[in-house]
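Colleague: I should like to learn how to read the features of a two-chain model in order. Where should one begin?

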Amino acid sequence: MSDLWKLTAHEAHEGLRRREFTSVELTESVLERVALVEPTINAYITLTAELALEQAREADAKLAAGTATPLTGIPVGVKDLIITKGVRTTAGSKMLENFIPPYDSHVYENLRRAGAVMIGKCNMDEFAMGSSTEHSAFGPTRNPWNPGLVPGGSSGGSAAAVAAGECLVALGSDTGGSIRQPAALCGQVGLDPTYGRVSRYGIIAFGSSLDQVGPIGRDVEDVATMLDCIGGHDPRDSTTNPEPMPDLRHYLGRDIRGIRIGVPKEYFISGMEPGVAALIEEALALFESLGAVVDREVSLPSTEHALAVYYIIAPSEASANLARYDGVKYGFSDRSAPTMWENMEQTRAKGFGNEVKRRIMLGTYALSAGYYDAYYLKAQKVRTIISREFAEAFEKYDVLVTPTSPTVAFPLGAKVDDPFAMYLNDIYTLPASVAGLPAISVPCGFSDGLPVGMQIIGNFFDEGRILQVAHAYEQASGYRNLLAPME
Amino acid sequence: MPCIAPEGTRRPGLATRARVRAASPILDGMALTRDDVLHIARLARIALSDDEVERFRAQLSGILDHFAALAAVDTDGVEPTAHPLPLANVMRDDVIEPSLPRDDVLANAPLAEDGYFRVRAVLE
């Protein structure tokens with residue numbers, strides 16, 4: 001079996017361009033790797049091997065014709081809430097177990113146009129609700145660094161697939177940390193773009209004022225390449241930014257002398273593992289050695305409220321978005337009772353898993369008569385305060401640096417029966433999500449042999465700046481292309 | 001799913017309690033009752049077993065307790081944020097675009113007939 005699956009996307013692109021190997025050879029190498037490790041990892045809900053080889057042959061034709069892009073012929077994984085025409089898309093739910101979409105999402109359209117090769121649809125927490133990928137109707141994904149541990153979530157399948165060599169780069173989605181946290185726990189780079197950077201057309205909705213699609217890759221250059229492919233204005237999603245995408249490659253390889261880095265002290269709390277704190281401190285020292293100006297005394301006092309704000313707003317939006325699963329138009333349907341109303345109640349009782357039911361009910365409660373002001377409206381107002389504090393910070397700093405997650409990967413089953421303990425995994429990723437800001441997680445070392453992630457938060461539509469800082473760090477630290485050993 | 005609950009699902013008891021709760025310091029950590037859970041489940045159109053009612057009652061009460069701290073945040077004069085970007089009324093020309101072919105859409109329907117979705121009796 002060839003070692004081509006070990007390449008990053010940009011390394012593979014160079015090899016393809018120089019005709020050192022073909023996309024078919026590269027794709028076969030990845031598919032062999034999938035056959036070897038997938039029984040352990042379960043990163044994919046649906047494998048699309050035949051489609052991948054067909055797309056690889058088309059990519060080889062493009063490469064021969066000289067019309068290739070940086071993603072032509074590159075094997076990718078696609079989170080299973082990204083709609084793919086003719087390819088089953090489940091959102092990790094029994095509700096959509098047999099759903100074959102009649103159209104393509106914007107992001108998959110762009111991947112296809114770029115000539116990417118889809119290996120399969122990646123596992124996830126049901127409807128992206130979770131932080132461990134244990135809430136999947138298709139079984140949990142396991143962490144390639146230790147299969148007894150979770151990969152994080154909800155994009156755990158995407159992160160694990162990249163870490164295990166089951167694709168070179170993947171798409172995930174982030175509502176409250178669902179790209180960054182699994183990327184951190186699997187030792188990969190994960191980018192949650194600014195809300196409005198990437199079209200949500202054809203993305204199965206969870207929290208519509210929070211959802212964004214973004215890449216997970218083995219290094220910063222690969223996630224920049226992916227964002228360049230999927231980002232930009234789309235008239236089918238009126239929240240997308242009409243401004244043209246900046247040239248992200250312009251930011252890679254630039255030094256960070258004089259860059260102002262703020263470190264909010266509210267992120268360094270009890271409950272954070274000492275190993276995580278030590279690695280972030282090491283990273284800050286490295287930033288200083290590269291000429292950045294680091295201020296460790298930044299305060300964002302409302303940080304602690306982001307958890308409550310998020311877990312009111314996201315379930316409220318989810319309760320409305322998931323009302324569409326009624327067993328009538330598509331998806332699972334229980335028709336055992338004689339009336340439509342009973343059919344709907346049974347369809348939703350049997351089609352949704354426990355975490356999804358919990359969040360729908362939480363959101364329904366927060367929006368219900370008599371509670372709207374106390375929960376939903378209050379959360380929206382505190383959301384404004386959190387956003388203001390970020391805006392003030394970005395008057396003084398170019399980026400903010402925090403840990404991505406308070407802990408390394410935890411054992412399967414450890415938190416699955418305690419919803420609030422699971423929600424606490426997101427405490428460092430929620431504030432940027434609530435404010436709609438872009439943030440990246442990059443690997444910054446190992447604690448007890450497990451990967452730790454560092455989060456870099458940027459200002460609105462300033463993905464270029466966080467990519468610049470992340471890339472400079474990655475080049476100096478050497479933490480890149482961290483394939484899990486899997487032996 | 002209809003937005004309006006059919007007759008008989010509204011429970012004045014809960015609304016009264018809600019007003020009491022909203023009038024007193026809000027989010028006071030009062031535990032949900034079984035009836036609260038059944039009411040929410042009815043609004044959300046999810047059938048629950050007796051075991052589920054109790055499990056969700058305990059879990060949702062626990063989660064709501066953690067939200068109580070929000071009540072102490074001073075939000076006087078603060079506008080709510082519905083959406084992180086300053087966007088309003090994004091307009092486009094009113095041009096007719098092709099829709100998805102009807103047969104493609106109905107292909108995923110659990111039950112379709114003569115080009116329509118089919119459901120069981122709406123009226124009991």
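Modeller: Let us begin with burial: a residue is buried if 20 or more other C-beta atoms lie within 10 Å of its own, and exposed if 12 or fewer do. Please keep in mind that this is a predicted model.

Colleague: Which residues of α2(B) are buried?

Modeller: In α2(B), the buried residues are Asp36(B), Val37(B), His39(B), Ile40(B), Ala41(B), Arg42(B) and Ala44(B). Across chain B, buried residues make up 17% of its 124 residues. Just after α2(B) comes Arg45(B), with a positive phi of about 55°.

Colleague: How many helices and strands does chain B have, and in what order do the elements run?

Modeller: Chain B contains four helices and two strands. Read from the N terminus, the order is α-α-α-α-β-β. Among the contacts of chain B with a separation of 6 or more, 51% are between residues 24 or more positions apart.

Colleague: How many residues of chain B are in contact with chain A?

Modeller: On the chain B side there are 50 residues, in contact with 60 residues of chain A. At least two residues of that side come from each of α1 (12–23), α2 (34–44), α3 (50–66) and α4 (102–106) of chain B. The most is given by α3(B), with six residues. By class, the side of chain B that touches chain A has 36 nonpolar, seven polar and seven charged residues.

Colleague: Let us turn to the sheet. In what order do the strands of chain A stand, and is the sheet open or closed?

Modeller: In general, strands of a sheet pair through backbone hydrogen bonds, either parallel or antiparallel. Here 11 strands of chain A form an open sheet with mixed pairing, in the order β1-β3-β2-β4-β6-β5-β10-β11-β9-β7-β8. The edges are β1 (44–47) and β8 (293–298) of chain A, each with a single partner strand, so one side of each has no neighbour in the sheet. On average, neighbouring strands of this sheet are turned by 30° against each other, direction ignored.

Colleague: How many bridges join β10 to β11 of chain A?

Modeller: Seven bridges join β10 (residues 439–447) to β11 (residues 450–458) of chain A, and the two strands run antiparallel. For Ser441(A), the bridge partner in β11(A) is Gln455(A).

Colleague: Which strands does helix α3 of chain A touch?

Modeller: Helix α3 (residues 49–65) of chain A packs on the sheet and touches β1, β2 (75–79) and β3 (117–122) of chain A, its direction making about 155° with that of β3(A). Helix α7 (residues 220–230) of chain A lies across β4 (169–174), β5 (189–192), β6 (212–217) and β10 of chain A, at about 150° to β6(A).

Colleague: How should one read a pair of packed helices, and at what angle do α9 and α11 of chain A cross?

Modeller: Two packed helices are described by the angle between their axes and the distance between the axes. For helix α9 (residues 306–321) and helix α11 (residues 354–367) of chain A, the axes come within 7 Å and cross at roughly 100°. Angles of 65 to 115 degrees count as roughly perpendicular, and α9(A) and α11(A) are therefore roughly perpendicular to each other. Among the residues making the contact are Ile312(A) and Pro315(A) of α9(A), together with Ile360(A) and Ala366(A) of α11(A). By class, this contact has seven nonpolar, four polar and one charged residues.

Colleague: Which members of the largest nonpolar core touch the most other members?

Modeller: In soluble globular proteins, nonpolar side chains tend to be buried together. The largest nonpolar core has 164 residues, of which Val76(A), Ala170(A), Val309(A), Ile312(A) and Ile456(A) touch the most other members. Its largest share, 10 residues, comes from α9(A). Leaving aside residues up to four places away in sequence, Ile312(A) touches Ala366(A), Tyr375(A), Tyr376(A), Ala379(A) and Phe67(B).

Colleague: Finally, the backbone. Is Phe127(A) buried or exposed, and is Asp114(B) buried or exposed?

Modeller: Phe127(A), in the loop between β3 and α5 of chain A, has phi near 50°, a positive value in a residue other than glycine. Phe127(A) is buried, with 29 other C-beta atoms within 10 Å. Asp114(B), in the loop between β1 (112–113) and β2 (116–117) of chain B, also is not a glycine and has a positive phi of about 50°. Asp114(B) counts as exposed, with 5 C-beta neighbours inside 10 Å.

Colleague: Which peptide bond is cis?

Modeller: The bond from Gly153(A) to Ser154(A) is cis, with omega near 10°. Ser154(A) is found in the loop between β3 and α5 (156–164) of chain A.

Note on methods
Residues numbered from 1 in each chain as written. Chains lettered and ligands numbered in written order. Predicted model: local features only at pLDDT ≥ 70, side-chain atom pairs only at ≥ 80, totals over all residues. Contact = placed C-beta atoms within 7 Å. Nonpolar A, V, L, I, M, F, W, Y, C, P; charged D, E, K, R; others polar. Pairing = 2+ DSSP bridges. Axes fitted to C-alpha atoms, helices over the stretch in contact; angles between N-to-C directions. Parallel < 35°, antiparallel > 145°, perpendicular 65-115°, else oblique. Core = buried A, V, L, I, M, F, W, Y, C linked by C-beta atoms within 7 Å.
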